[in-house]
Amino acid sequence: MHRLGSHILCRNIIPKCELEAHYDALLQSYNSLPTLGQIHSSLTTTGFIRQSPHLGARILLRYTKFGHSEKARHLFDNIPNGPNSFLWNTMLRAYTNGSHFSQTLVLYSLMRKTGIKPNNYTYPFVLKACAAQACVVEGNMVHCDVIRTGFDSDVHVEAGLVDMYAKCGAINEGRKVFDEMSSRDVVCWTAMITAYEQAERAESALNLFYKMQQEGLSMDSITAVTVASAVGQLGDTKKALTVHGYVILSDLVWDVCVGNSIIAMYAKCGEVEKALLVFDDMRERDGITWNSMLSCYIHNGLASEALFLFDKMQASDVKPNPVTALVMVSACAFLGSKNVGKKIHDFIVTSDMEIDVMLHNAIMDMYAKCGDLGTCLKMFDRTPSSELNASSWNALISGYGMHGLGREALEIFTRMKEEGVEPNHITFTSVLSACSHVGLIDEGRRCFAEMEKSSVIPEAKHYACMVDMLGRAGRLHETYELIKKMPSQPSDAVWGALLLACRIHGYTDLGKVAANQLFHLEPEHTGYYVLMSNIYAASSKWQEVGKLRQYMKNKGLRKPAAFSVIEFGDEVYGFHTADQLNPFRRDVYRKVEALAEEMKMAGYMPDRSCVLHDVEEEDKDQILNYHCEKLAVAFGLMKIEPGLDIHITKNLRVCNDCHSALKIISNIYGRKIVVRDANRFHHFQGGSCSCKDYW
DNA sequence: ATAGGGTTAG
């Protein structure tokens, strides 16, 4: 600041133009806000700022660069003879870029009142502010000004208008502007395509994209990303391949953002291998690239592949970020892999990444879903209540519920309300299903009534919980009445819950009502055909059973593969019934057959009704032996040292036969076996299950 | 001297 001071002292002997040049140079070379403030204040105290509008404008510009719109505005208001158009635009830009959108609009109306003429640079800033706040009325007024001042054929202004209308939800207005343009460049096309994509009108977006190509315009990386997102919405592999082709032809695949969006597009189309090919071919990968590939695996049911890729990511030059952590933690929750989950938790704690509420909640949820309620509760208790939100409480409530601890879940629900946290739709789902798992009917009814009085609108999933709860408890007619009273169309979950209740309690006719709805709503869902044929079988209606089976055969419907995973050390091992590739299959199959003999000695009788295949009766026992949860248990008994619990996660519900077998096995081997199925936890110990056979 | 389209991981 010495130089600056000397200039001020010598101001009387240096001509004004030279002084301006000096300050210009100073402003160029000093790039920090404090210095700028010092220059500003010395210019103010010496009064130069009044003598030289040029310097004032310079400082104003600098202030806007640092995002200090207030300081800039102060200078703006004190410019002798008022600011020129350029400075008006600069000031508007400062507000818009600083997200002070209402200030932009206020200043714009001041500009009009003052009689300053807006120009082609003015409108984009103002339109952006309207778009950001979805001010369609103001936007419309600006549009009128645009027409009045004759800037309605400027391509930048027009693109701004299209975008403004789209962001205000007035797509058709935007389209009108778009259609009336005399010439459109790639930006305008992309603005219009994005408008459709954002409005979830993916077909329209793609049609417009094809039209753009027909007109001979080539896309750029932004177009590519938007179009890929539109295809992702449709989940259409054929279209995905076409878009991928265009991207290759336009030489855009090497753009990281484009590559990322192509991976996400394939992920949403269920094309894991294609996504992986793109991933492997990328020349450059950022955090989003890795996270996209990880979540591609997870959303397509390949969580163990995700764990493998996560290790590779740690060895790469891109380090995991909080989103990576979130993706991985939920993968572990899905798989029920507590050891891996803990490893990732440790990684999160030791790396210095920021843990926000969302991640914190996801970790608690992971522990609960991996059967470690203790750690979940400990984390909850150690968190200051100011840092807990509804999802934190939900994690605990659903955790207790899944373990069949309905009373505890209700207690937490009460505490949550006492602490002033508003329950949301997930809270009510968790509470209702907690009640359902243990048959707390009165409490469940009370919660449902409470929800009807609260601001949470009961959705189909809440009705499904109620139907499940009442149905399991045998109150089938009450259930049916509830369904008839539903304000919306009953979903497949609702009818499914009723069908299950009919299976449990042997109601054939009501079952048929539910099944007919389901066959209509979800014709491809095999589980419902299986349930209905179980109902027929239970009342010896073999002809009907045969008819259903034939129907499934004709339609080529197959039961989704049952799958169990078990953790051993830091590895996750998967088992499914006809797995010829499993490296442990020989030992495991031998063990499972030995188990069958041991169980028979302890009084086990295979439940052949659990086998739907059309095979000889003796062969059914073999099929039962190879059910995936039995294979996983056999593996666990061989590998996991005595004294440790055996944890298994299954993608479907445990079948009746496996449920009774696991009870007996827990008794013979004196081990605790914890199984999480599609609905809840079963803790097998000493010959009985924590669900008390109510499931 | 100033301007328009942005999603992709959750």
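## Residue classes and the second largest pocket

Ala, Val, Leu, Ile, Met, Phe, Trp, Tyr, Cys and Pro are counted here as nonpolar, Asp, Glu, Lys and Arg as charged, and the others, Gly among them, as polar. On that division, the lining of the second largest pocket in this predicted model comprises 14 nonpolar, six polar and six charged residues. The pocket has a volume of about 710 Å³, and of the 26 residues that line it, Ala159, Gly160, Asp163, Val187 and Ala191 lie nearest its centre.

Three helices, α9, α11 and α13, each contribute at least two residues to the lining of the second largest pocket, and α11 provides the largest share, with eight residues. In the chain, α9 covers residues 122-133, α11 covers 155-167 and α13 covers 186-198.

## The surface near DNA strand B

Around DNA strand B there are 42 residues, of which Phe86, Asp185, Asp220, Val225 and Asn291 come nearest. Of the atoms of DNA strand B that come within 4 Å of the protein, 39% belong to sugar and phosphate. By class, the residues of this surface are 18 nonpolar, 15 polar and nine charged.

The helices that each supply at least two residues to the surface near DNA strand B are α7 (85-97), α9 (122-133), α11 (155-167), α13 (186-198), α15 (221-234), α17 (256-268), α19 (287-299) and α21 (322-335). The greatest contribution is that of α13, with eight residues. The helices α9, α11 and α13 thus appear in the list for this surface as well as in the lining of the second largest pocket.

## Side-chain contacts with the bases

Which side chains place polar atoms beside base atoms of DNA strand B, and at what distances? For aspartate 220, a polar side-chain atom lies 2.6 Å from a base nitrogen of the strand, while for aspartate 185 an N or O atom of the side chain is 2.7 Å from a base nitrogen. Asparagine 89 has a polar side-chain atom 3.1 Å from a base oxygen of DNA strand B. Both aspartates are also among the residues that come nearest to the strand.

## Annotated repeats

An unreviewed UniProt entry lists "repeat: PPR" for residues 84-118, 185-219, 255-285, 286-320, 389-423 and 424-458. In the model, the span 84-118 is 77% helix and 0% strand, and its end C-alpha atoms lie 11 Å apart. Residues 424-458 are likewise 77% helix and 0% strand, with the end C-alpha atoms 10 Å apart.

## Enclosed cavities

The structure holds two cavities of 30 Å³ or more. About 90 Å³ of space lies in the largest cavity, which is lined by 16 residues, with Leu335, Gly336, His647, Ile648 and Thr649 nearest its centre. The strands β1 (564-568), β3 (646-650) and β4 (673-676) each give at least two residues to this lining, whose residues divide into nine nonpolar, four polar and three charged.

The second largest cavity has a volume of about 30 Å³. Its lining consists of His437, Arg472, Arg653, Asp677, Asn679, Arg680, His682 and Trp695, and by class these are one nonpolar, three polar and four charged residues. One of these lining residues, His437, falls within the span 424-458 that the UniProt entry lists as a PPR repeat.

Definitions and conventions. Residues numbered from 1 in each chain as written. Chains lettered and ligands numbered in written order. Predicted model: local features only at pLDDT ≥ 70, side-chain atom pairs only at ≥ 80, totals over all residues. Heavy atoms only, no water. Near = heavy atom within 4 Å. Polar contact = N/O pair within 3.5 Å; in protein donor to acceptor, adjacent residues only side chain to side chain. Helix = DSSP H or I, 4+ residues; strand = E, 2+ residues; numbered from the N terminus. UniProt positions renumbered as here; feature names shortened; annotations may be inferred. 1 Å grid on protein atoms, 1.4 Å probe; cavity = no way out; pocket = protein on both sides within 12 Å on 5 of 7 lines; lining within 4 Å. Points joined across faces, edges and corners; volume = space filled by probe spheres on them.
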